[in-house]
Amino acid sequence: MRIHLYGGLVCFWYLLVFGISSLSFNHPGWIPSALGQASHWEHSVALPDLSSEDLKLAEAIQRELDLIGWVLPWTLDRRPSGDLRFELHRPGRQYVITTDRSSGRVQVEERTAGAASILNFLHGSNGGVPGSRFLHLWGLYTEITTGLVLLLAVSGVVLWARRTRNRGTALLILGVSSVASLALMAWMCFVG
């Protein structure tokens, strides 16, 4: 019984985030997703000479600025001056970065992306975000929580079946709910 208590406490935050983000997917607008006010800043960087490799240049600038996130390749825009403009997104923040080779600096426009951005990331992520030092721990927490939920579900059914006086009704409820769940999954898989 204590395994269920402490296992449930370990899983609580993960399942709460998963439930809220599921609601967010089904009911967009319930959780704020509007971009915040833009803040602008500049930073000096040593721009490597990657005149034909826009993505590699953007990733080098990202490392130089020590920012985490994904460079969005479809936003790469090489200017006639040779400068590069691109977007970098991570959970909760978005950046528009523009190089200025003549001064050796980059201009950065930074915006918050709202709670929905973070929840959507946490919902289906293994925690892998380029440049992040700690978000991989979310992937580890996901694995631990998944294993615990499976263990607690199976042991909970076994404990419930042992303690209930009417095992036939308990097994019938378990069987009907299992068949209904599997039928719904099969329907979604094959019919859509």
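**Talking through the fold**

Trainee: What pattern does the protein follow along the sequence?

Mentor: Keep in mind that this is a predicted model. The secondary structure adds up to five helices and six strands. Read along the sequence, they come in the pattern α-β-α-β-β-β-β-β-α-α-α.

Trainee: What radius of gyration does the protein have, next to a compact globule of 192 residues?

Mentor: Start with the box: along the principal axes, the C-alpha atoms fill roughly 80 × 40 × 30 Å. A compact globule of 192 residues would come out near 16 Å, whereas the protein has a radius of gyration of 24 Å.

Trainee: And how much of the protein is buried?

Mentor: Look at the outside to begin with: the protein exposes about 12,500 Å², with carbon and sulfur atoms supplying 64% of that. Counting a residue as buried when its relative accessible area is under 20%, the buried share of the 192 residues is 30%.

Trainee: Which elements help cover the buried residues of α3?

Mentor: Helix α3 spans residues 115-124, and its buried residues are Ala116, Leu119, Phe121, Leu122 and His123. In general, an α-helix has 3.6 residues a turn, so residues three or four places apart point the same way. The cover over the buried residues of α3 includes α1 (2-26), β2 (70-71) and α4 (136-163).

Trainee: How far apart are the centres of the positive and negative side chains?

Mentor: There are 16 positive side chains and 14 negative ones. Take the centre of each set, and the two lie 20 Å apart.

Note on methods:
Residues are numbered from 1 along each chain as its sequence is written. This is a predicted model: local features need pLDDT of at least 70, side-chain atom pairs count only at pLDDT 80 or more; totals for chains, interfaces and linings use all residues. Side-chain values use heavy atoms; hydrogens and water are left out. Helices (H or I, at least four residues) and strands (E, at least two) are DSSP runs, numbered from the N terminus. The radius of gyration is taken over C-alpha atoms; the globule rule is 2.2 Å times the number of residues to the power 0.38. Buried means under 20% relative accessible area, exposed over 50%, partly exposed in between (1.4 Å probe, protein chains only). Accessible areas come from the Shrake-Rupley method with a 1.4 Å probe; for residues, only the protein chains shown count as cover. Lys and Arg count as positive and Asp and Glu as negative; His and the chain ends are not counted. The place of a charge is taken as NZ of Lys, CZ of Arg, CG of Asp or CD of Glu. Contact means heavy atoms within 4.5 Å.
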